[in-house]
Each structure stands twice: as structure tokens, then as C-alpha cells.
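Trainee: I would like to test the labels on this model against their definitions. Can we take them one at a time?

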Amino acid sequence: MAFLFLIMFGVLTSANAEEKGGGEGGGYERLEPFTVNLVGLRQVIQVSVTLKPAKADVSDKIKLYMPAIRYEIILLLSAKTPEQVQSSEGKQKLILETRYAANKALGLTSKDGVADVLFESIIIQ
């Protein structure tokens, strides 16, 4: 049985998000979509993730550390069960955990590194 969850967090569309920027934070950094086996290996999760840097200069660091960021997010997602990411509360927790994982890879905090995580889509099959 396949579950389809399309989640839009934030007011901006993806195209709008890349055009905007400025302010204290830099522009949004979109990661390539992830497809990861969930616990039990019977289902997979596919997510599209965009990171919002806290400061403009962090965008370059995100690009430089992209393999480490992807690695940390893959480890996080592969430890999840479908039940853990299906609820609204589960998705909110996943946002916080993903932000922590990205900042861990960067060696920064959410104040100086990735300030926010936007899931553009979440599909569980």
C-alpha cells in the first residue's frame, strides 16, 4: 500500500524561494531529492528538501559540505519508521532533526548555520 504525502512548508514556492534571499540569511539551498529505505526495508521515503541558511555566507559552506549533509540526512531518514513520519507532529520533529543533522555536518548551530528546513514533498511507498 502506498502513501502519498505532499507537504508544503512556508509561503514561498520553490521558484520564489530561490529568487528571494537578502536580509540576514542567504538564499535557499535545494538538495537533490532523497530516496531512502525506512526501517524494515519494506517501504521507502522520498523527500525533497530545501535548506535556509541563517547567514548569506553559509550558502557556500552548504554547497561545499553537501556530501556530508546528505550523509547525515540519509542516516536520519533510514532510522525512521513510516509511522514516525506520517503524522503532523512526526513531520515537525523531522524538520528539527534534519536541521540538526545539517548543522552537525557543517559544524554550526541553527543560529549560524541552517536556520530552517523546508520539505517540499514527502512520499512514502
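Mentor: What follows is a run through the labels, each set against its cut-off. Remember that this is a predicted model.

Trainee: What is the order of elements along the chain?

Mentor: From the N terminus it reads β-α-β-β-β-α-α-α-α-β. That makes 5 helices and 5 strands.

Trainee: Why is lysine 80 called buried?

Mentor: Its relative accessible area is 9%. Buried means under 20%. Lysine 80 falls below that, so the label holds.

Trainee: What does lysine 80 touch, leaving aside neighbours within four places in sequence?

Mentor: Leu38, Val39, Val85, Leu94 and Glu97. Lysine 80 itself lies in the loop between H3 and helix H4 (82-86).

Trainee: Why is serine 78 called partly exposed?

Mentor: Serine 78 has a relative accessible area of 31%. Buried needs under 20% and exposed needs over 50%. The value of 31% lies in between, so serine 78 is partly exposed.

Trainee: Where is serine 78 found?

Mentor: Serine 78 is in helix H3, which covers residues 66-78.

Trainee: What makes the link from serine 78 to leucine 75 a polar contact?

Mentor: The side chain of serine 78 reaches the backbone oxygen of leucine 75 at 3.1 Å. The cut-off is 3.5 Å, with one atom able to donate a hydrogen and the other to accept it. The 3.1 Å distance is within that limit, so the pair passes on distance.

Trainee: How do you know that serine 78 meets residues far off in sequence?

Mentor: Take valine 36. Serine 78 and valine 36 are 42 residues apart in sequence, yet their C-alpha atoms are 6.1 Å apart. Contact is judged on heavy atoms within 4.5 Å, not on C-alpha distance. By that test serine 78 is in contact with Val36, Asn37, Leu38 and Val39, leaving aside neighbours within four places.

Trainee: Why is E4 described as largely enclosed by the rest of the structure?

Mentor: Because 8 of its 10 residues are buried. For the chain, buried residues make up 43% of the 125 residues.

Trainee: What makes E3 and E4 a pair?

Mentor: Pairing takes at least two bridges. Strand E3 (residues 34-37) and E4 have 4, in the antiparallel sense. So the pairing stands. Within it, threonine 35 stands opposite glutamine 46. The two strands form a hairpin with 6 residues between them, and glycine 40 in the turn has a positive phi of about 95 degrees.

Trainee: How do you know that E2 pairs with E4?

Mentor: Strand E2 (residues 29-30) is joined to E4 by 2 bridges, running antiparallel. At least two are needed, so E2 meets the requirement. Arginine 30 stands opposite threonine 50 in E4.

Trainee: How many bridges join E4 and E5?

Mentor: E4 and strand E5 (residues 114-124) pair over 9 bridges, again antiparallel. One example is valine 47, whose bridge partner in E5 is isoleucine 122.

Trainee: What does serine 48 add to that picture?

Mentor: Serine 48 sits in strand E4 (residues 44-53). Its C-alpha is 5.8 Å from that of phenylalanine 119, with their positions 71 residues apart along the chain. Serine 48 touches Pro33, Leu118, Phe119, Glu120 and Ser121, not counting residues up to four places away.

Trainee: What share of the contacts with a separation of 6 or more comes from residues 24 or more positions apart?

Mentor: 71% in this chain.

Conventions
Residues numbered from 1 in each chain as written. Predicted model: local features only at pLDDT ≥ 70, side-chain atom pairs only at ≥ 80, totals over all residues. Heavy atoms only, no water. Buried < 20%, exposed > 50% of the residue type's maximum accessible area, 1.4 Å probe, protein only.
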